[in-house]
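Student: I would like a close look at a single strand residue and its contacts, and then a careful account of how that part sits within the rest of the chain. Could you take me through it in one connected answer?

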Amino acid sequence: MAWRALLEPLSGTEEACPVLGLPQPCVLWRARRRWTCRDAPLACCILAAEPFALPDEVADLPAASALAQALQACAAHGALLILANPAEAFGAQRIGWASGVRALAIGNAEEEACWDALLSLGQPCYGVAGRLVVTVLRPRPANVLSALSFGAFWSCAGLEPLAIEESPRHIAWRCPEAVEAEIVARQGFVVARQRGCEGRYEDTGREGYVRAVLRGPSGTCWTQPRFVMPRAGHG
């Protein structure tokens, strides 16, 4: 049995980040940090099962080095770091310096461009906005963190699909209202558009990666990217 867990990691500053929709109470520890680094400010949101110590003073470090320190601390405690200001800290041209980041905020067009730039470098990374709808097999904090780390969630800013189905070669969706769907591929190019309450896209093998953006009257939903293997005859 799978559960649909709900949480809003980028909303609020409290250390307790409640996870809703599970048969038993579940809370993640949340730490919001904004460091003034040598070349740019760096904002992060860390989610973990238990509190742990994070780097304090990084003013003499460039943002990339400070981020690497924070990622190392998170890895040692099974925590997830969300880069909360990718456009401000790095921008699309320098986002490759955020190597190792598994999740970043996509609250505006500039941040979404950073996401596509990082994906186009071949780095798996997941977009975070609004409420996260996470699929978990066990209703425990560790399982929620694992699902987030592997992109088993949707980011929903108002619009929550009824279902999203993916296989190695397609993505399909069903929504409670008519939506405009965009299929985004490598370098942020929109390779297909569809309208309606339901839709489906079959990979060609040339996309590099595929992610969907669904926009309807109630808001927007972003699916997580799926890297596409080239098919025979499609280099």
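Tutor: Two residues are in contact here when heavy atoms of theirs lie within 4.5 Å. The model is a predicted one, and the residue to start from is R200, which is found in strand β12. If residues up to four places away in sequence are not counted, R200 touches E165, H170, I171, A172, W173 and Q194. The C-alpha atoms of R200 and R174 are 9.1 Å apart in space, although the two residues are 26 residues apart in sequence. With these contacts, R200 has a relative accessibility of 44%, and since partly exposed covers what lies between the 20% limit for buried and the 50% limit for exposed, R200 counts as partly exposed.

The loop that lies between β11 (170-184) and β12 (190-202) holds Q187, a residue that is not a glycine and yet has a positive phi of about 65°. The relative accessibility of Q187 is 51%, so Q187 counts as exposed, whereas R200, at 44%, is partly exposed.

One of the contacts of R200 is E165, and a look at strand β10 (residues 163-167), where E166 has its place, continues the picture. Leaving aside neighbours within four places in sequence, E166 is in contact with I171, Q224 and R226, and I171 is also among the residues that R200 touches. From E166 to P225 there are 59 residues in sequence, but 10 Å in space from C-alpha to C-alpha. The relative accessible area of E166 is 37%, and so E166 is partly exposed. Strand β10 is also the place of S167, for which a relative accessible area of 23% is found, so S167 too is partly exposed. S167 is 26 residues from R193 in sequence, and their C-alpha atoms are 19 Å apart; for R200 and R174, also 26 residues apart, the figure is 9.1 Å.

A strand residue in another part of the chain can be read in the same way. R34 has its place in strand β3, and its relative accessible area of 52% is over the 50% limit, so R34 is exposed. R34 nevertheless touches P41, L42, A43, N85 and E88, not counting residues up to four places away in sequence, and its C-alpha atom is separated by 9.1 Å from that of A84, 50 residues apart along the chain.

Strand β3 leads on to the helices, as β3 (26-36) is included, with β4 (41-48) and β5 (80-83), in what covers the buried residues of α1. Those buried residues are A63, A64, A66, L67, A70, L71, A73 and C74. Helix α1 (residues 63-76) has 14 residues, which at 1.5 Å a residue should span 20 Å, and the end C-alpha atoms are indeed 20 Å apart. After α1 comes G78, with a positive phi near 65°.

Helix α3 (residues 109-120) likewise reaches 16 Å from its first C-alpha to its last, close to the 16 Å expected for its 12 residues. Nine of these 12 residues are buried, so α3 is largely enclosed by the rest of the structure; the buried ones include the charged residues E111, E112 and D116, along with W115. In helix α4 (residues 141-149), N143, V144, L145, A147, L148 and S149 are buried, and α4 is followed by G151, whose phi is positive and near 75°.

The whole chain, finally, gives these local views their setting. The protein chain has four helices and 15 strands, and buried residues make up 51% of its 235 residues. Of the contacts with a separation of 6 or more, 51% are between residues 24 or more positions apart. A compact globule of 235 residues would have a radius of gyration near 18 Å, and the chain has 18 Å, so the two agree. Its C-alpha atoms fill a box of roughly 50 × 45 × 35 Å along the principal axes. The accessible surface is about 11,100 Å², of which 52% belongs to carbon and sulfur atoms.

Methods:
Residues are numbered from 1 along each chain as its sequence is written. This is a predicted model: local features need pLDDT of at least 70, side-chain atom pairs count only at pLDDT 80 or more; totals for chains, interfaces and linings use all residues. Side-chain values use heavy atoms; hydrogens and water are left out. Helices (H or I, at least four residues) and strands (E, at least two) are DSSP runs, numbered from the N terminus. The expected span of a helix is 1.5 Å times one less than its number of residues. Buried means under 20% relative accessible area, exposed over 50%, partly exposed in between (1.4 Å probe, protein chains only). The radius of gyration is taken over C-alpha atoms; the globule rule is 2.2 Å times the number of residues to the power 0.38. Accessible areas come from the Shrake-Rupley method with a 1.4 Å probe; for residues, only the protein chains shown count as cover.
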